[in-house]
Structure formats: C-alpha cells, structure tokens
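Colleague: I would like to go through this model with you. Where shall we start?

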Amino acid sequence: MDAQISEHDQTLSFLADLEQRQESAAPRASSGESFSSHPFSSGGKTGGYDGGKLNRMNADWNPGSMGPNRIFQLDGRLLRERAWDLYRNNPFARSAIEAYIANVIECGIMPDLNDTDRENEYYRWGGLTAHGTFDCDITGDQTINEMQALWLREMLVGGGCLVHYVDMPRRSQRVPLALEMMGESRFADHLQTWGRNPKTANPVKNGHEIDTATGRTLAYHVRATQPNDLDYDPEKTIRLAREHCKYSFIKDMIGAKRGTTLLKAVITWLWSLGYYVDNELDASNLKSSWGYMVTTDNPSDAMNDLAREDNYVTDMAGNRIDHHESGMIWHGGTEDKIHAIGPNVPGGDSLPWMMLIQRSIAVGVNVSYEEVFRDYSKTTFSSGRMSRGQDKKRFRPMQSLAVCHFGNPTINRFFRSAVGAMRPAFPSPSQYVNDVDDILQDIDWQLAGWESPNPKEDAIANHQKLQDRTISRSEIVASEGRSFKNTLKYLEREE
C-alpha cells in the first residue's frame, strides 16, 4: 500500500513539474500576469475565443500578419507554377477547373445585340460563322468563344488574365480590333519601385503602376515575350495604359492587386493525393510484372549455379540483374520454397481515405464532389439534385463575372471599332457618342444553362408558374442555356 501511495505521489510531482516548465516556456502577457494553469486559457484570462488562446498544442501556430501584395511577392510565382503543373498532370485538378469552364462558359456566352446585321458582323469578327475571319484573336488562332474559355482558365489556374485591346490597321480587318491575352507570367514582377518611377512619377508594384492618391492602377508593365521563349529578354518590358486593357482576377483580400489560383487552398492536398496514387500505381505495376519462385530437382545445374552468385539474380555472364520484366520466373533449388513476389496493391482501407481527401478537395474548390470527380455512385437522386442546385449558385456569380469583366468590355470595344470603321449596321460616330448608354444597355447575354435532372416535374412546375404569372417563357428557355429569340425562330420555321 505504501509503495502504491509513493508511486502516486511521484506521478503527481512529475505532472506538477511538467506543468511548471510549460508555463515558464510559454510567452507572458503584456500586463505582467502569468498564464493560468488551466489547459485552455492563456494570459491568466478565461472566456473569449478559444482560437485566440495559447496552449501547449498551438503555441507554435503564429501565422503573423502580412498584406496581400507582400504575400504575392513571396509566394505568388511558385504558387502559380505549382497550380499549372497540377492542371497539366493531375486529373483531379484538371477536372475541377474544367468543371467551371463547362458550366460557366460551356460553348460560349453569346450577346444578343437586338439587330441581325450587327450580330452577323460580330459572329464574323469572332470566327463563329462559315465565313468567319478569326479577327478577334491577334494571333488568328481562336474564336471569341474559345478565348472566353481560355480567359477563364487563365484566371482560375494562374490567378488572373490581362486582355489587351489592340487597334488594328483598318485595311486589314473590317472591324479593326483584336484581343491579345496575357497570363500572370507575363507581368514584370521584377519591377518593384517603392518611390516614384523616374519615367512616370508613379510607383510600380507587382507589375502595376499605381496612383498613390487613389491606389488605382494606371498602367500594366509586362514582359515583351513569354518567359523562357527563345527570344526572351528579361529586361525588356512594355508599358500598357489601363484604358487599352482589362485585367481580370478574383479579389479575395482588400488591397490585392494580383490574383491567386483557385486551387490555392488544395494545392498540397492535390499533390499529396497524386503522389499517393502514383506510388500505388507503381506498386501495382511491380506486382503485375513478377511471377513466382519455382524449385528444381537439380540444384547443381550449371545454369542455376551461374544465376545464384551472392544470392542475386544474374544473367548468363554473371552480371547482376537490377530490373524486372513481365512474367519473370526464378528457378531455385530443392531447398527453396514457392513464394509470390511483389508488393501489395492498395488495401481496402485506402479507398475511404482517398475519398475523404477527394471530398476535401471538392470543398476547397467550392464545387460538389460529384461535379469535380464525376462520381454519382455515392449519392441518391435527391441529394445529387440538391448538390447540383448548390453548384448553380456558385456558377452563376462566375457567369456574371465573365459578362462584366470579359463580355461587356469586349462588346464596348467592338462597337467603338465598328462605329469608327463606319460599318453599315452600326450608328454614325456622332449618334453613337450621344446614345452610347442606350445602345450598350440594350444588349442581353445568353448564358450557359443546365439540364433538369427531373424534366417532367420541372415542366409541370414551370407550367404552373406561367399560369400564376410568376415566370416568363424567356426565363424558362434561358435557364436551359437557350435563346428565346432563336426558339421562336425555329418554331416559326416548323409552322
């Protein structure tokens, strides 16, 4: 009994000494109060937020405070390069990005200009008709709809996209306008001036020339060519005035001037999952390549002796074999036993672990698991329909962003160039200047829609809403990504 009491006292003494050492190692409060011995309090205070307190579990968790532009200077380039590497080589990262492309842009966000001749001119300029000229792309490679998808992809993966509206010679194009798209890697990040720029009297930060009075970007400084091209000159830069450009990015912090990738919260998870899957695939490949050890009746066989030097598998010349081929068989002696050779494939407990990581990745990119990984076997019809509806609420803001940051600026520039070129379907320059607000505000956009998972019930609901006059036919058609005007035209043809 005395021995048990003695051990109990020693345990209490050890715990008290350990607690005293932890308190002495922890930082002290500014008021001079010592930290409380309570394990979930700090600074001698109780109450408040647990997340803001110090204890032995989180004493080294001190992220600090740093502005968004400084964070971008430190981590922006490597973060962007990792995101593009994952997009190119990781199927999960690619699927997450392409889910946004398919649901936001789909085949293209089309403008309704309320004039057939103007629309035909736009389609021709954008390369959307049989006689399209691809004049919209300064390189002549893509249609305007393909450029929309590329713009969104650059913004989601790289963090942002700069569109430069270039005035082309009037003799070369009917509408003398072309779009030059530049990714984040084109920005001249090395131009960092904390005082006044000697040429423009404005500071340049992260490639943005800033007005110190308002913080507004006045111009963009970009590299003359894509980095690492054959003719790349790191010191050669170009200044592009803001009135000729539109830089688009998702601003998630006040004061940020450059964007970051959509994958930033899941980059390490995506890389770890890809690394894990790659290792398991290599292990499966090894197992599928090996066979079995087989005993022989004659252990003194010359061929067998030649192949048993130092217990290593060798070739005819006695050279050690360090590689394997599919279906290799080792002929051992009578004292050997038959064993299967090769590593194990993933066990049954690895699949739930991988699915947990996959669901976390889907949450990190703000899309449902079913949409990112295209796996509908783990959900019911009602829950799948619910997740699809929630995804729409995330895609619609992105559609609005695409219209406001790409569609509207492009249409504005297109009209200005068409009016300046005196195209017949467009107003005169004086009329355009006087009525520009009315002309551009009358433009509607045909956005991507979504098929109904239960079309019969939705059709009945829409019919009831039409009777109650709480919805229009235009809204019903638009929800499926179709044009109401084209629908009427097709119905007229059928009749």
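Colleague: Which residues is Met 181 in contact with, leaving aside its neighbours within four places in sequence?

Modeller: This is a predicted model: local features need pLDDT of at least 70, side-chain atom pairs count only at pLDDT 80 or more, and totals for chains, interfaces and linings use all residues. Residues are numbered from 1 along each chain as its sequence is written, and side-chain values use heavy atoms, with hydrogens and water left out. Met 181 sits in strand β3 (residues 177-183); strands (E, at least two residues) and helices (H or I, at least four) are DSSP runs numbered from the N terminus. With contact meaning heavy atoms within 4.5 Å, the partners of Met 181 are Met 147, Leu 150, Trp 151, Cys 161 and Leu 162.

Colleague: What separates the C-alpha atoms of Met 181 and Tyr 247?

Modeller: Along the chain, Met 181 and Tyr 247 are 66 residues apart. In space, their C-alpha atoms are separated by 9.8 Å.

Colleague: What is the volume of the largest cavity?

Modeller: A cavity is a set of points on a 1 Å grid, over the protein atoms alone, where a 1.4 Å probe fits but cannot get out. Points are joined across faces, edges and corners, and volume is the space filled by probe spheres set on them. The whole structure yields one cavity of 30 Å³ or more. Its volume is about 40 Å³.

Colleague: Which helix gives the most to the lining of that cavity?

Modeller: Lining residues have an atom within 4 Å of a point; among them are Trp 151, Phe 406 and Trp 445. By class, six are nonpolar, two polar and none charged, where Ala, Val, Leu, Ile, Met, Phe, Trp, Tyr, Cys and Pro count as nonpolar, Asp, Glu, Lys and Arg as charged, and the others, Gly among them, as polar. Both α5 (144-158) and α10 (381-420) supply at least two residues. With three residues, the top contributor is α10.

Colleague: How are α10 and α11 oriented to each other?

Modeller: Axes are lines fitted to C-alpha atoms, for helices over the stretch in contact, and angles run from 0 to 180 degrees between N-to-C directions. For α10 and α11 (residues 429-441) the angle is about 160 degrees, with axes 11 Å apart. Angles under 35 degrees count as roughly parallel, over 145 as roughly antiparallel, 65 to 115 as roughly perpendicular and the rest as oblique. Therefore α10 and α11 are roughly antiparallel.

Colleague: What is the handedness of the crossing of α3 and α5?

Modeller: Helix α3 (residues 91-105) packs on α5 at about 140 degrees, axes 10 Å apart, so the two are oblique. A crossing is left-handed if the near helix is turned anticlockwise from the far one by less than a right angle, and right-handed if clockwise. Here the crossing is right-handed.

Colleague: Which residues of α5 does α2 meet?

Modeller: Helix α2 (residues 68-89) packs on α5 at about 120 degrees, axes 9 Å apart. That makes α2 oblique to α5. Their contact divides into four nonpolar, one polar and three charged residues. From α2, Arg 80, Ala 83, Trp 84 and Tyr 87 meet, in α5, Arg 153, Glu 154, Val 157 and Gly 158.

Terms used
1 Å grid on protein atoms, 1.4 Å probe; cavity = no way out; pocket = protein on both sides within 12 Å on 5 of 7 lines; lining within 4 Å.
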